[in-house]
Amino acid sequence: MKKPNLLFIFADQWRRESIGFMEKEKVITPNIDNFAKNNAIFEKAYSTCPLCSPSRATILTGKYPIAHNVITNCKPNLFNNFLSPNEITIGDILKNNNYSTGYIGKWHLDQPDIDFSKNPISKAKNWDAYTPPGPKRHGFDFWYSYGADDNHLSPHYWQDSHEQIKVNEWSVKHETDIALDFLNKNKENQFALFLSWNPPHTPLDLIPQKYVDLYDNVDIPIRDNVKLDSIIDHPQTIEPFSLKETEYIQMVKKYYGAISGIDEYFGKIITYLKDNNLYDNTLIILTADHGEMLCSHGLWSKHVWYEESISVPFILSLGDQFKNINIKTPLSGVDIVPTILSLLNIKTDYSFHGIDLSPTLKGEILNNKAITMCYTGNPKIINNLKLQNKNPLEFGWRAVSDEEYTYVAFKNYNGNEKLKEFIYEAKDILQLNPLPVSEKNEYLKIYLQNWAVKYNDLIFN
Ligand SMILES: [Ca+2]
């Protein structure tokens with residue numbers, strides 16, 4: 001019998017609670033709700049690093065950022081910070097196992113083209129890159145992708161030449177059409193497709209209005225940890241700004257609208273798979289690279305240890321094998337490759353930093369912990385630390401979560417403060433009441449210290 005196919009769909013900056021069935025936020029997602037109701041939900045899924053490139057590299061390699069070396073976003077003048085052709089990704093492994101492989105949408109794992117030429121023939125600007133056929137595509141044979149660009153209503157892509165393909169429609173719609181075409185051409189094959197949607201990533205104005213209009217008469221409650229005066233990101237790289245409540249609610253409606261749009265196209269894909277007898281033998285995963293703060297704790301975007309930033313949706317189906325299952329064991333980005341390979345019955349000699357969580361789908365409880373982290377990629381901060389003869393990799397934060405607590409170790413990026421520690425109880429959902437490290441929870445600190453020794457992480461130096 002054919003091994004199961006794989007369809008891995010992930011969005012960008014989509015936090016775990018921004019889905020209808022979670023009943024935490026008023027997001028309209030009927031297709032995803034229906035999918036989740038009939039399948040397996042990992043209730044504690046975490047991004048390994050709440051930032052695009054490191055998270056994506058971890059999803060594909062099953063390794064921590066300190067090992068695959070993508071510790072911050074791929075952007076100009078950071079010459080070693082891209083996914084090396086020598087890394088082994090799930091794409092490489094699936095291709096070697098005779099899968100027809102494809103990658104559609106945002107990649108953001110390559111060195112920007114403007115590092116090589118001021119006017120690249122690919123016409124890639126800023127952080128963007130054309131990844132040519134070869135080892136940098138990591139086993140993905142069909143390619144319809146770009147590096148980093150956020151023009152959701154006028155996206156562009158590259159296939160197998162430097163020629164940029166420009167499109168005038170919402171990126172989620174366009175990429176779904178390309179994905180359906182890939183599925184149609186490969187339905188007789190054993191296929192593995194990664195579909196990487198950019199929304200609900202900012203800018204939130206670049207969304208078809210019809211999705212925002214869905215929320216015209218919806219009362220949007222404001223999360224109790226939201227602060228709208230003096231909003232910054234973490235670490236602070238933007239000037240503080242403020243929002244009126246009405247402005248904030250309008251912004252949240254746009255964020256939710258993007259997710260409703262995603263829901264529509266996710267529904268089309270599921271319908272296609274069912275109509276073409278592909279649903280039963282396809283492992284489908286729906287997740288995100290990281291979350292979005294949306295002004296919780298007065299913070300914008302991500303790169304911080306709070307749940308809104310590190311938590312992601314993670315819903316999985318394989319025919320009707322895993323029905324109505326809610327898994328409480330934490331899952332982190334490093335666990336994704338070993339779990340997928342196990343569910344596809346693929347054995348490999350490569351080792352990963354995460355574990356195979358597939359036994360949890362059959363009711364086993366595994367003692368897994370999710371480790372999350374951020375380093376600095378800000379050139380000003382890096383230069384400042386180097387002027388102090390300090391290694392930038394010693395700074396930032398590392399965290400570990402289990403079902404009861406999250407422990408955070410934070411060394412401020414300015415280089416002259418001691419390590420700070422925070423403990424959050426899982427039941428303190430808004431994380432407004434950090435606890436001191438105590439006898440009850442210090443096992444997590446010890447766990448993280450052992451992790452740092454094992455993987456040569458420098459946060460406790
Ligand atoms: Ca991202």
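Which elements cover the buried residues of helix 5? I began with this question, working on a model that is predicted, and I found that the cover includes strand 4, strand 5, strand 8 (191-196) and helix 7.

**Entry 1: helix 5 and its surroundings**

I listed the buried residues of helix 5 and obtained Ser 171, Val 172, His 174, Glu 175, Thr 176, Ile 178, Ala 179, Phe 182 and Leu 183. I then checked the length of the helix: its 15 residues (171-185) should span 21 Å at 1.5 Å a residue, and the end C-alpha atoms are indeed 21 Å apart, which agrees.

Next I turned to strand 5, which is part of that cover. Four of its five residues are buried, so strand 5 is largely enclosed by the rest of the structure. Strand 4 (residues 100-106) pairs with strand 5 in the parallel sense, over five bridges, and I noted Tyr 146 of strand 5 as the bridge partner of Lys 106.

**Entry 2: the sheet of eight strands**

I followed strands 4 and 5 into their sheet, which is open, has eight strands in the order 5-4-8-1-9-10-2-11, and is mixed in its pairing. Strand 5 (142-146) and strand 11 (325-327) stand at the edges, each with a single partner strand, so one side of each has no neighbour in the sheet. I looked up the turn between neighbouring strands of this sheet as well, and with direction ignored it is 10° on average.

Further along the order I looked at strand 9 (residues 282-288) and strand 10 (residues 314-318), which pair in the antiparallel sense over five bridges; here Ile 285 stands opposite Leu 316 in strand 10.

**Entry 3: the nonpolar core**

Which residues have the most contacts inside the largest nonpolar core? They are Leu 193 and Ile 340, in a core of 128 residues. Helix 7 (residues 245-275) gives the largest share of this core, 11 residues. I also asked where the core lies with respect to the domains: domain 1 (5-366) and domain 2 (375-454) both give residues to the core, so it lies between them.

For Leu 193 I set aside the neighbours within four places in sequence, and the contacts that remain are Leu 7, Gly 102, Ala 179, Phe 182 and Leu 183. Ala 179, Phe 182 and Leu 183 are also among the buried residues of helix 5, which ties this entry to the question I began with.

**Entry 4: the two domains**

I took the domain assignment as it stands, with domain 1 covering 5-366 and domain 2 covering 375-454. The centres of the two domains, taken over C-alpha atoms, are separated by 25 Å. How many residues of each domain are in contact with the other? I noted 17 residues of domain 1 in contact with 15 residues of domain 2.

**Entry 5: the sheet of four strands**

I then examined a second open sheet, with four strands in the order 13-14-15-16 and antiparallel pairing. Strand 13 (370-374) and strand 16 (420-425) are its edges, and each has a single partner strand, so one side of each is left without a neighbour in the sheet. The twist from one strand to the next averages 15°.

Strand 15 is largely enclosed by the rest of the structure, because six of its seven residues are buried. On one side I traced strand 14 (residues 396-401), which pairs with strand 15 in the antiparallel sense over six bridges, and which forms a hairpin with strand 15, with three residues between them. In this pair Gly 396 stands opposite Lys 411 in strand 15. Strand 15 (residues 405-411) is also joined to strand 16 by six bridges, and these two run antiparallel; I recorded Phe 422 as the bridge partner of Val 408, and Glu 425 as that of Tyr 405.

**Entry 6: helix 11 and Asn 34**

Helix 11 (residues 442-454) passed the length check too: 13 residues at 1.5 Å a residue should span 18 Å, and the end C-alpha atoms are 18 Å apart, which agrees. After helix 11 comes Asn 456, with a positive phi near 60°.

Is Asn 34 buried or partly exposed? Asn 34, which has its place in helix 1 (residues 30-37), counts as partly exposed because it has 15 C-beta neighbours inside 10 Å. Finally I looked up Asn 34 and Asp 141, which are 107 residues apart along the chain, and found their C-alpha atoms separated by 32 Å.

Key
Residues are numbered from 1 along each chain as its sequence is written. This is a predicted model: local features need pLDDT of at least 70, side-chain atom pairs count only at pLDDT 80 or more; totals for chains, interfaces and linings use all residues. Two strands pair if DSSP finds at least two bridges between them. Axes are lines fitted to C-alpha atoms, for helices over the stretch in contact, and angles run from 0 to 180 degrees between N-to-C directions. A nonpolar core is a set of buried Ala, Val, Leu, Ile, Met, Phe, Trp, Tyr and Cys residues joined through C-beta atoms within 7 Å. A residue is buried if 20 or more other C-beta atoms lie within 10 Å of its own, exposed if 12 or fewer, and partly exposed in between; C-beta atoms are placed from the backbone. Domain bounds come from an automatic or database domain assignment. Two residues are in contact if their C-beta atoms, placed from the backbone, lie within 7 Å. The expected span of a helix is 1.5 Å times one less than its number of residues.
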